[in-house]
Amino acid sequence: MRTTTGWRAAGPTALRRTSLDRRDLRPDDIAVRVDHCGVCHTDLHALNAHDQHAKAPLVPGHEFTGVVTGTGPEVTAFSVGDRVAVGNIVDSCGVCAMCAAGQENFCHSFPTLTYGGTDRQDGSTTLGGFSREYVVRDTFAYPIPSGLDPAAAAPLMCAGITVWEPLRSLGVGPGSRVAVAGLGGLGHLAVKMAVALGATTTVISRNRDKHDDARKLGAHDLIASTDPRHMATARDAFDVVIDTISAPHDLAPYLRLVAMDGTLSLLGYLGPVTVEAMDLLIGRKKLSSAGSGGRLATAEMLRFCADHGIAADIEVLPSSQVDTALDRLRRNDVRYRFVLDMSDLD
């Protein structure tokens, strides 16, 4: 076993620094020195749900970047010293129809998650990127293209691929009309990507106070969702509405914004929803969702972001301030993503 240092859950609102075990390198493994790890709402949910009496520890973190420090004997794609990124999936069955289609995120036997997952070989629980080292199968690590800042690239591995997947699958490009509901960790990247794809892009927010932010991100307009008249003027106006709102909410107002044969894609809230069939019927509208992405799409997303100068807007904190980051994230006190600098774990 290899030993490293990381942050383990010590309750729903706190983590403590501790020693962690990593597996010895398998033939197709690489060891990664984790330099930067994003902080995600998923981490909050995992901490709240974690049983403190569970046998396996909880170490959050599933969007990180770092440097290769070791390789297994069968690894040819990476060498020691390479910069790499790792997202929220670290393995899959590799043989089901979804894996064959390059959609490992939909693996029929469920993908192995970066933390809280079950290793497919030894059955151990995976421990996440809130640590100084991670051992990962080489095919689930990605070279960081030149031009991408490693800290700002870390959230691309979760928030970035989550919005990239529907934008690409729904064919967003020049001439598309896109609205992004919610301007947070997911939403700000959806705006940047939609604009770079050539779409006329609008932000939907509860208040107009994010108008300047929306403009700086490249959006062409902002609609206040709390203003019925403003919402009414945008009826049937968008080919794609990317809904990144994380709390339960009524979908009807957003479906009314979708144009004929358009799509409302739910990314933020993934719990039960209620939809009136008539809101879909009138205009042949579609309701969809997406989550993460496969290996091909993730690599494509990173190249696209490098080519177009897209990265997350981040606030970097030393990993010793992880509790502060989580507390502020609970209060939505960040624009738009926290990233932990893991070097203080040395």
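**View 1. The lining of the largest cavity divides into five nonpolar, six polar and two charged residues.** Welcome to the first close-up of this predicted model. About 80 Å³ of space lies in this largest cavity. Its lining is made of 13 residues, and those closest to the cavity centre are I89, Y142, S292, G293 and T298. The structure holds one cavity of 30 Å³ or more.

**View 2. The second largest pocket has a volume of about 530 Å³.** Here we turn from the cavity to a pocket. Its lining counts 25 residues, and R23, D119, S124, T125 and T126 are the ones that lie nearest the centre. Strand 2 (15-22), strand 6 (89-91) and strand 8 (133-137) are the elements that give two or more residues to this lining. With four residues, strand 2 provides the largest share. By residue class, the lining of the second largest pocket holds eleven charged, eight nonpolar and six polar residues.

**View 3. Helix 4 (residues 159-169) is largely enclosed by the rest of the structure, because nine of its eleven residues are buried.** To find the buried residues of helix 4, look for A159, G160, I161, T162, V163, W164, E165, P166 and L167. What do these buried residues of helix 4 pack against? Their partners are two helices, helix 5 (185-196) and helix 10 (295-308), together with strand 13 (238-243), strand 14 (258-266) and strand 17 (337-341). Following helix 4 comes G171, which has a positive phi near 75°.

**View 4. The largest nonpolar core brings together 42 residues.** Good places to start looking are L148, L156, V178, M193, I242 and M301, the residues with the most contacts inside this core. At least two core residues come from each of helix 4, strand 10 (177-181), helix 5, helix 6 (211-217), strand 13 and helix 10. A second core, separate from this one, has 39 residues, among them I30, V32, L44 and L317.

**View 5. A closer look at M193 and the residues it touches.** M193 is one of the residues with the most contacts inside the largest nonpolar core. Leaving aside residues up to four places away in sequence, M193 touches L156, G160, V163, W164, L167, M301, F304, C305 and I310. Some of these names will be familiar from the earlier views: G160, V163, W164 and L167 are among the buried residues of helix 4, while L156 and M301 are, like M193, listed among the residues with the most contacts inside the largest core.

Technical notes
Residues are numbered from 1 along each chain as its sequence is written. This is a predicted model: local features need pLDDT of at least 70, side-chain atom pairs count only at pLDDT 80 or more; totals for chains, interfaces and linings use all residues. Side-chain values use heavy atoms; hydrogens and water are left out. On a 1 Å grid over the protein atoms alone, a cavity is a set of points where a 1.4 Å probe fits but cannot get out, and a pocket is an open set with protein on both sides within 12 Å along at least five of seven lines; lining residues have an atom within 4 Å of a point. Grid points are joined across faces, edges and corners, and a volume is the space filled by probe spheres set on the points. Ala, Val, Leu, Ile, Met, Phe, Trp, Tyr, Cys and Pro count as nonpolar, Asp, Glu, Lys and Arg as charged, and the others, Gly among them, as polar. Buried means under 20% relative accessible area, exposed over 50%, partly exposed in between (1.4 Å probe, protein chains only). Contact means heavy atoms within 4.5 Å. A nonpolar core is a set of buried Ala, Val, Leu, Ile, Met, Phe, Trp, Tyr and Cys residues joined through side-chain atoms within 4.5 Å.
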